[in-house]
Amino acid sequence: LEAKEEFEHSSLAVDVMRPRRADPALAVLTQEGMTVGEVETLVESTHYSGFPVVVSQESQRLVGFVLRRDLLISIDNARKRQEGVVSASQVVFTEHAPTQPDDAPPPLRLRGIMDLSPFTVTDHTPMDITVDIFRKLGLRQCLVTHNGRLLGIITKKDILKHMAQIANRDPESILFN
Ligand code: ADP
């Protein structure tokens, strides 16, 4: 990522994050309660490289982040090898196995593939700081929260697009900054 002068327009994380107002909601997984089939449908209906995991849809409290690739590989492996894992199996990212009815299919436990400390900034974090963090930590994406609730995501490409937009819109201020 290039120099940060471009951001001295005081852009904030909320100006760069997705989803934008008109976009579909952030695609998230819940730490329990979704089935293998539901997770597959969500993953396959999008092209996102990763999915935040939240406590529940209501709380939107962040638990971790899973990569699309790791999800697909784990589900595929489990379907092939893990005794009894089927579409109706519950996917769990929690530490402990969920309590389920006796006749429920065995759960698929995926805590192992989740990044438990994904990088986050708040919606009001200035973009020059966010860009600095991306560069220094070599991040691919970062999550955006407000009062502990997950709001959105910023990828490296989102930042590059935003920089290009600023450069097009406002070349003078970059030259003279
Ligand atoms: P890239 O930005 O490198 O193409 P992605 O394919 O993961 O990476 O993301 C494509 C776009 O979708 C980006 O603008 C990103 O902010 C957004 N995005 C990424 N993950 C999600 C998600 N889980 N839900 C909604 N939007 C997302």
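In what order do the three strands of the open sheet stand, and is the pairing mixed? The order is β2-β5-β6, and the pairing is indeed mixed. Before we walk on, a word on the model: it is predicted, with local features needing pLDDT of at least 70 and side-chain atom pairs counting only at pLDDT 80 or more, while totals for chains, interfaces and linings use all residues. Residues are numbered from 1 along each chain as its sequence is written, and side-chain values use heavy atoms, without hydrogens and water.

**Strands**

Helices (H or I, at least four residues) and strands (E, at least two) are DSSP runs numbered from the N terminus, and two strands pair if DSSP finds at least two bridges between them. In the open sheet, β2 (34-35) and β6 (108-109) are the edge strands, each pairing on one side only. Strand β5 (residues 90-92) runs parallel to β6, joined by two bridges, and Val92 stands opposite Arg109 in β6.

Elsewhere, strand β7 (residues 120-122) pairs with strand β8 (residues 141-146) in the parallel sense over three bridges. Between them the chain passes through helix α4 (residues 127-137) in a right-handed β-α-β crossover, meaning that, with the strands pointing away from the viewer, the path from the first strand over the helix to the second runs clockwise. Thr120 stands opposite Leu143 in β8. On to β9: six bridges join it to β8, and the two run antiparallel. They form a hairpin with two residues between them, where Asn147 in the turn has a positive phi of about 50 degrees.

**The largest pocket**

A pocket is found on a 1 Å grid over the protein atoms alone, as an open set of points where a 1.4 Å probe fits, with protein on both sides within 12 Å along at least five of seven lines; lining residues have an atom within 4 Å of a point. The largest pocket holds about 680 Å³ of space. Its lining has 25 residues, and Tyr48, Ser49, Gly50, Ile153 and Thr155 are the closest to its centre. Helix α5 gives the most to this lining, with five residues.

**The ligand**

Around the ligand are 13 residues (each with a heavy atom within 4 Å). Arg18, Ala27, Ser49, Thr155 and Asp158 come nearest. Three polar contacts, pairs of N or O atoms within 3.5 Å, are listed here.

| Residue | Atom in the residue | Distance to a ligand oxygen atom |
|---|---|---|
| Ser49 | backbone N or O | 2.9 Å |
| Thr155 | side-chain N or O | 2.6 Å |
| Asp158 | polar side-chain atom | 2.5 Å |

Notes:
Points joined across faces, edges and corners; volume = space filled by probe spheres on them. Polar contact = N/O pair within 3.5 Å; in protein donor to acceptor, adjacent residues only side chain to side chain.
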